[in-house]
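Please open the model in your viewer and keep the selection tool at hand. The tour below goes from one helix pair to the next and ends at a pocket.

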Amino acid sequence: RNKIALLVPLAVICRDSPQQLVGVVGLEIHAQIRSNTKLFSASAVRFSSPPNSLVSFFDASLPGTLPVLNKRCVEAAVMTGLALNCTINQKSLFDRKHYFYADLPAGYQITQQRRPIAVDGVLNYSLMGGKKKKNQVVRKSARITQIQLEQDSGKSLHDDLQSQTLIDLNRAGVGLMELVMEPDMSCGEEAAAAVRELQLILQALGTCEGNMSEGQLRVDANVSVHRPGQPFGVRAEVKNINSARNLARAIDYEIQRQIQVLESGGTVQNETRAYDSKTGIFFLCSRFMPDQAVVVQEIRDRLPELPHVTRDRLVHAYNILPEHSFTLVNEDGLVEYFEAVMKQTRMNARKVIGWVTNELLGQLKQQDGSVGQSPISPSALAELLELQETGQISSSGAKQVFQEMWRSPGKTARLIVQEKDLGLVSDTEQLHGICQRIVDSHPEEVNAIRKGNKKVLNKLMGLVQKETKGRADPVLVQAILQDKTS
């Protein structure tokens, strides 16, 4: 079987020409529910615990044990369904999906097929597009067929050296939400954008941590190709993809592979590719679980602001660019940081965005840190920006202060300005003297300015700033130089 690690990026474009074969993509996403205990047992849910240390009698399928439904998992699924505009079924049933594998001790998985917890939703997502430069927000949506609750399986650890397989049942019975989506996407880029948006929604709701590297969000992609207006082609399934980037690469690779097969006269096979898969048949459950009492309206009232709503609000409230809203929302805690700064400064929002995304994020990424680990609080940054906005320090001076604040978290911006003498030089007589020396020592530049080349004035201003170590008031310097070179 092909491994995703061997795939190379291919230039697959989301095309819509009636003559060309285009991709058709639907997703099935397994999201691990953020809960302290498993779906049907009281066993704890923790990542990287010692093998088989979180296994109850029920998880091990010992005879006589019965499932007890976790109310938190039900509420999480309902909340997710509401956030995705689903219809919540007032009565839902559990089914048994029978298949036999070592890490599934019961020989079946408890899941939902005939009557899941939520149906008929929609995931609205956005991606940056445009014919020349990808600087336009393209809004798209994918229909959600259903959201179902189900158990996760255990984990098989294959030891090739000793020809044995070890079983860890810590994950067995952990609650999952499976989100089944209609084939409304056409390429890897769209699928990856949809998954990233869903990841943000689940994290905002608190229903799933969404850490794909820890297996908390796993994606299966159903991929086929067809010519627009004609029936869909035979689909292949790509299983257990654990990152948005790999998802885009795998889908685009599979679309290109199917196009090459058809254009060479071959036939696409209905098959599972690339990742390990587990398949089975659904049978009616001999014991249905009665629906727990869940008040849907109470859960609806607890819904937080969703990512696409946050992005739209930021654009309209602060008059920032759409791409800036993506940066703020995609970085955990950055929206709250930005808005806290905005409440305490009179600086224009787009200037604040520059500070937050360039200076703050730049420093955090160098140290592989999160926004919550920033040594500069929103109020401390706002104080610095106010000093710049009120003309007490220059922009270059403000950046020097920022670096010192990062190194010395206990020092305020105002204290650093005083200690390092970074305040703006606004003494007119002193600046006149400095500007006169610059003008006298650069006759060629002065002649060029007098002949109409006003851009040369910037060079003289730079020389003044160099002599004052970036502390000269730029507005005052410009006025003095204009007067002396006119």
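A crossing of two helices is called right-handed if the near helix is turned clockwise from the far one by less than a right angle, and left-handed if it is turned anticlockwise. Please keep in mind throughout that this is a predicted model.

**First stop: H9 and H10**

Select residues 378–389, which form helix H9, together with residues 395–407, which form helix H10; the two pack at an angle of about 160 degrees, with their axes 10 Å apart. Since angles over 145 degrees count as roughly antiparallel, H9 and H10 are therefore roughly antiparallel to each other. Looking along the line of sight through both, you should find that H9 passes H10 in a right-handed crossing. Now show the side chains of the contact, which is made by Ala380, Leu381, Leu384 and Gln388 of H9 and by Ser395, Ala398, Val401, Phe402 and Met405 of H10. Coloured by residue class, this contact divides into 7 nonpolar and 2 polar residues, with no charged ones.

**Second stop: H13 and H14**

Move next to helix H13, residues 443–450, and helix H14, residues 456–467, whose axes are 9 Å apart and which pack at an angle of about 140 degrees. H13 and H14 are therefore oblique to each other, and H13 passes H14 in a left-handed crossing. Here Glu445, Ala448 and Ile449 in H13 meet Val456, Leu457, Lys459 and Leu460 in H14, a contact with 5 nonpolar residues, no polar ones and 2 charged.

**Third stop: H5 and H7**

Select helix H5, residues 307–318, and helix H7, residues 334–342, whose axes come within 13 Å and cross at roughly 20 degrees. That angle makes H5 roughly parallel to H7, and H5 passes H7 in a left-handed crossing. On the H5 side the contact is made by Thr310, Arg313, Leu314 and Tyr318, and on the H7 side by Val335, Phe338, Glu339 and Met342; these residues divide into 5 nonpolar, 1 polar and 2 charged.

**Last stop: the second largest pocket**

Keep H5 and H7 displayed, and turn to the second largest pocket, which has a volume of about 590 Å³. To centre the view, select Leu200, Val329, Glu331, Asp332 and Gly333, which are the closest to the pocket's centre of the 22 residues that line it. Which elements give two or more residues to this lining? They are helix H2 (188–205), H5, helix H6 (322–330) and H7, and H2 gives the most, with 5 residues. By class, the lining of this pocket divides into 9 nonpolar, 7 polar and 6 charged residues.

Technical notes: Residues are numbered from 1 along each chain as its sequence is written. This is a predicted model: local features need pLDDT of at least 70, side-chain atom pairs count only at pLDDT 80 or more; totals for chains, interfaces and linings use all residues. Side-chain values use heavy atoms; hydrogens and water are left out. Axes are lines fitted to C-alpha atoms, for helices over the stretch in contact, and angles run from 0 to 180 degrees between N-to-C directions. Helices (H or I, at least four residues) and strands (E, at least two) are DSSP runs, numbered from the N terminus. Angles under 35 degrees count as roughly parallel, over 145 as roughly antiparallel, 65 to 115 as roughly perpendicular and the rest as oblique. Contact means heavy atoms within 4.5 Å. Ala, Val, Leu, Ile, Met, Phe, Trp, Tyr, Cys and Pro count as nonpolar, Asp, Glu, Lys and Arg as charged, and the others, Gly among them, as polar. On a 1 Å grid over the protein atoms alone, a cavity is a set of points where a 1.4 Å probe fits but cannot get out, and a pocket is an open set with protein on both sides within 12 Å along at least five of seven lines; lining residues have an atom within 4 Å of a point. Grid points are joined across faces, edges and corners, and a volume is the space filled by probe spheres set on the points.
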